[in-house]
Amino acid sequence: STQSTWGHFLSVYFFSTMADISSSLTQLAQMDPVALLIAEFVPLTAIDWAGVVAKPISLVRLTDRSGHVGTGCAYAAASEVAALFDQLGGAVLPPPPRWNPWLQKDATFSETESAAISGIDMALWDLYGRRVGKPVCELLGRRRRDRVLAYCTVLLPFPTQLPCPEVDAILDDAVQQGFKAIKVYIDGFGREVNRTAADEARGVALLHYVRARVGPAVRLMVDVWG
């Protein structure tokens, strides 16, 4: 069921038909496990998340005995990714369709562990693609498009009055960087314990203000967090 769910997502948004994806995943799953020569977990500069949270990030690099290298990245410290990698079996890894820690019996993972698994998973897909000489999109069937719209996420204050110079500066910066889509996370909005009609009206007013500020051509998303 997980395979079919992801297959539907990939077929709609990125790659090919469900039949193409199912066929490709079946062929890939029949490949032999890969024995790794080196597994590297390299700490990178922490990402400053909207000036509020500094998230650790690490590079995952898996090298097989033939010299093929697969690369991924994880929102987790390198030491945490390395520890989870060893916990999950390490040195010999099956093809990506068969490597799915989330489907193990009684598997439970923290947010950090899930981020670490994602980094390893990315590197494993990349590694198998390089082993067969294909980009990952072709491992999943075929390429449907060459370009995907990128968006940025911005953290906005929840001002009591508009206009708000701080909101203006954040939105203007995103637009000036050339983003054609913006996801807005409004500090506290959607998580009020005792939300009132006035709070909701203030949130709606801010979203109207955001739309007016960025203009009609920019796509908007709202991250409500509950």
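**Following strand S6 and its surroundings**

Cys 152 stands opposite Ile 182 in S6. The chain travels from S5 through helix H6 (residues 165–176) to S6, and this β-α-β crossover is right-handed. Keep in mind, as you look around, that this is a predicted model.

Let's stay with the strands for a moment. Strand S5 (residues 152–156) pairs with S6 in the parallel sense over five bridges. S6 also pairs with strand S7 (residues 219–223), again in the parallel sense and over five bridges. In S7, Val 222 is the bridge partner of Val 184.

Now turn to the side chains. In a regular strand they alternate between the two faces of the sheet. From S6, Ala 181, Lys 183 and Tyr 185 point one way, while Ile 182, Val 184 and Ile 186 point the other way. Six of the six residues of S6 are buried, so the strand is largely enclosed by the rest of the structure.

Lys 183 deserves a closer look. Its relative accessible area is 18%, and because buried means under 20%, Lys 183 counts as buried. Its contacts include Tyr 151, Cys 152 and Asp 223, leaving aside residues up to four places away in sequence.

What about the cysteines? Cys 152 is buried, with a relative accessible area of 11%, and Cys 164 is buried too, at 12%. The model has zero disulfides.

Finally, visit helix H4 (residues 111–132). At 1.5 Å a residue, its 22 residues should span 32 Å, and its end C-alpha atoms are 32 Å apart, which agrees. Among the buried residues of H4 are Ile 117, Ile 120, Leu 124 and Trp 125. Just after H4, Gly 133 takes a positive phi of about 75°.

Notes
Residues numbered from 1 in each chain as written. Predicted model: local features only at pLDDT ≥ 70, side-chain atom pairs only at ≥ 80, totals over all residues. Heavy atoms only, no water. Disulfide = S-S within 2.5 Å. Buried < 20%, exposed > 50% of the residue type's maximum accessible area, 1.4 Å probe, protein only. Helix = DSSP H or I, 4+ residues; strand = E, 2+ residues; numbered from the N terminus. Expected span 1.5 Å × (residues − 1). Contact = heavy atoms within 4.5 Å. Pairing = 2+ DSSP bridges. Right-handed = clockwise from strand over helix to strand, strands pointing away.
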